[in-house]
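Thanks, everyone, for making time this morning. I would like to walk you slowly through one structure, and I will pause at a few places where it helps to look at the picture yourselves.

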Amino acid sequence: MTDTYAVFGNPIAHSKSPLIHGWFAEQTGQDMTYQALLAPEDDFQGHAEAFFAEGGQGANVTVPFKLDALVFADKLSPRARRAGAVNTLQKGQNEEIYGDNTDGIGLVRDLTDNLGLDLKGKRVLLVGAGGAARGAVEPLINAGVARLKIANRTPEKAQQLIKIFHGLQPEAELAAGNWDSLEGSQFDLIINATSASLSGSVPPLPRGLFAPGAVAYDMMYAARPTPFMSWAEDVGASEVSDGLGMLVEQAAEAFFLWRQVRPETTGILHRLRMLLQEEAHG
Ligand code: ATR
């Protein structure tokens, strides 16, 4: 029987997930469907319940439902619990719903496998302390970064966030603060996890943050460089990347959880990049 999967979001019409999972299924010969489902902002639960009751096997969850999905899940993976957000749901053998978070591992895979970065011993700045940032902290620590600083417009949120991850092994030096607290520091990797790009703005970070050879990464993606990527190039980043690879890698990890088959992502990422460019020019 064909297994059914979906992504829930609002809005959801422009989601690339059905395309990505369709390509994964084709590549690995899996008998499954994957559709985009719009849920009203105040009733994720009702729509998710109906989907699983009608035979749905698993779902991805995107903005604004990652916290609703955390509450909806019967069981959570430790990384989803610490991230405080769920982007992947899976129906278990006893019909219980398992919640996981593959965003952070998707980010780290894109950085290491696709962009070829060695994160061990690196000084990393995470800009933002919302849902997107929360999922990234644990996988970055696991990847062996030496120092992780979280800077946020509301610094209290960054401080609360690092408290959750103190004492995790391997240990990284964790710090939190506002924009001013960054003055005089340098980083090997700066990741934008704010939603500032959506309004076309860039957090007012001081100049001089990029160490020689440093990389800038925006979790957002677009056919053209995001405002954060343009800013980073102007102020000395050696390399800049958007988050399209993270989107593909988090999807691959979810696909693996559901199907126990790991799709090959390099070709898919390339295909998606071409499509994005065609859409922008068409
Ligand atoms: P998400 O789940 O997508 O991360 P979120 O939880 O609303 O969304 O978090 C958005 C993040 O972007 C927060 O870190 C937010 O900063 P605050 O905690 O101070 O709200 C940050 N953010 C949004 N717009 C911003 C802007 N224009 N400048 C700087 N930071 C911004």
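Which helix gives the most to the lining of the largest cavity? It is H6, which contributes 4 residues to that lining, and please keep in mind as we go that we are looking at a predicted model. If you want to find the place on the screen, the residues that line the largest cavity are Arg79, Ala83, Asn101, Gly104, Ile105, Arg134, Gly135, Glu138 and Pro139. The elements that each give two or more residues to this lining are helix H4, spanning 78–83, helix H5, spanning 103–114, and helix H6, spanning 131–142.

A word on how such a space is found: rolling a probe the size of a water molecule over the atoms shows where empty space is left. Counting cavities of 30 Å³ or more gives 1 for this model, and the largest cavity holds about 50 Å³ of space. By class, its lining splits evenly into 3 nonpolar, 3 polar and 3 charged residues. The lining also takes at least three residues from each of two domains, namely domain 1, which covers 3–101 and 248–281, and domain 2, which covers 104–242.

Let me move on to the ligand, which has 14 residues around it, the closest being Ala129, Asn152, Arg153, Thr154 and Lys157. What lies 2.7 Å from an oxygen atom of the ligand? That is a polar side-chain atom of Asn152, whereas for Ala129 a backbone N or O atom is found 2.9 Å from a ligand oxygen. Gly131 also takes part through its backbone, with a polar atom 3.1 Å from an oxygen atom of the ligand. On its own the ligand has 640 Å² of accessible area, and the protein covers 70% of that. The shell around the ligand consists of 4 nonpolar, 8 polar and 2 charged residues.

Finally, I would like to turn to the backbone, and here a general remark is useful: most residues other than glycine have a negative phi, and most peptide bonds are trans. With that in mind, look at the bond from Asn10 to Pro11, which is cis with omega near 5°, and note that Pro11 sits in the loop between strand E1 (3–9) and helix H1 (17–28). The bond from Gln169 to Pro170 is cis as well, with omega near -5°, and Pro170 belongs to the loop between helix H7 (155–165) and strand E9 (173–177). And where is Glu95 found? Glu95 is in the loop between strand E5 (88–91) and strand E6 (97–100), and although Glu95 is not a glycine, it has a positive phi of about 70°.

Definitions and conventions. Residues numbered from 1 in each chain as written. Predicted model: local features only at pLDDT ≥ 70, side-chain atom pairs only at ≥ 80, totals over all residues. Heavy atoms only, no water. 1 Å grid on protein atoms, 1.4 Å probe; cavity = no way out; pocket = protein on both sides within 12 Å on 5 of 7 lines; lining within 4 Å. Points joined across faces, edges and corners; volume = space filled by probe spheres on them. Nonpolar A, V, L, I, M, F, W, Y, C, P; charged D, E, K, R; others polar. Domains from an automatic or database assignment. Near = heavy atom within 4 Å. Polar contact = N/O pair within 3.5 Å; in protein donor to acceptor, adjacent residues only side chain to side chain. Areas by Shrake-Rupley, 256 points an atom, 1.4 Å probe, with all protein chains shown as cover.
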